[in-house]
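Thank you for making room for this on the agenda. Please have the sequence and the model open while I talk, and I will go through side-chain contacts and surface.

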Amino acid sequence: MLFKFKDGVNWSDPRAEEAEAATLRHPLHIPEIANWSCGRNTAARSIAHDFAVIGDFADREAVHRYLAHPDHVRGVELWRAIADWSVVDFELDTESAA
């Protein structure tokens, strides 16, 4: 997921810090998350997004449970107020990665 702040929002906004903190804590509350990486953008380019998340899940059913989990739903509400985002769900082909 790539998050881009709405006009007038930046990291000095307490809502941004709250959304970031909620996202960082998702693995503590959502057992379906196998691996989780997220962080603030460090690039000084105008096309860059502000925050990114990469989550790994065992299968599509785990993704669906994650999406419905109350902790995730709360995170969506926090981000919806301050940012727009893009999502890409894809499957890793571990056999051809060798």
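Which residues form a nonpolar patch on the surface? Before answering, I should say that what you see is a predicted model. The patch consists of V88, F90 and L92, and together these residues have about 380 Å² of accessible area. Taking one of them, V88 is located in the segment that follows β4, the strand of residues 83-86, and V88 is exposed, its relative accessible area being 62%.

That segment after β4 also holds E91, and this takes us to the charged pairs. Side chains of opposite charge can pair when their charged atoms come close. E91 forms a salt bridge with R60, where the closest N and O atoms are 3.4 Å apart. Because E91 lies in the segment after β4 whereas R60 belongs to helix α2, this pair ties together parts that are 31 residues apart in sequence. As for their surroundings, E91 counts as exposed at 60% relative accessibility, while R60 is partly exposed at 47%.

How many salt bridges does the structure hold? There are five, and I will describe two others besides the one just mentioned. E32 forms a salt bridge with R65, with 3.2 Å between the closest N and O atoms. Here E32 sits in the loop between α1 (14-29) and β2 (35-40), and R65 sits in helix α2, residues 60-68, so the pair ties together parts that are 33 residues apart in sequence. E32 is buried, with a relative accessible area of 17%, whereas R65, at 44%, counts as partly exposed.

The other bridge joins D13 and R15, whose closest N and O atoms are 2.8 Å apart. Is D13 buried or exposed? D13 counts as buried, because its relative accessibility of 14% falls under the 20% cut-off. R15, by contrast, is partly exposed, with a relative accessible area of 40%.

Let me turn finally to the aromatic side chains. A pair of aromatic rings is described by the distance of the centres and the angle of the planes. In this model the count comes to nine aromatic pairs, and one aromatic cluster is formed by F3, F5, W11, F51, W79 and W85. A charged residue is also found at a member of that cluster: R40 lies over the face of W11, at 3.9 Å from the ring centre.

I am happy to take questions on any of these contacts.

Note on methods
Residues numbered from 1 in each chain as written. Predicted model: local features only at pLDDT ≥ 70, side-chain atom pairs only at ≥ 80, totals over all residues. Heavy atoms only, no water. Phe/Tyr/Trp six-rings, centres within 6.5 Å; stacked < 30°, edge-to-face > 60°. Lys NZ or Arg CZ within 6 Å of the ring centre and 35° of its normal. Patch = residues over 30% accessible without salt bridge, like charges linked within 9 Å, V, L, I, M, F, W, Y side chains within 5 Å. Areas by Shrake-Rupley, 256 points an atom, 1.4 Å probe, with all protein chains shown as cover. Salt bridge = Lys/Arg side-chain N within 4 Å of Asp/Glu carboxyl O. Helix = DSSP H or I, 4+ residues; strand = E, 2+ residues; numbered from the N terminus. Buried < 20%, exposed > 50% of the residue type's maximum accessible area, 1.4 Å probe, protein only.
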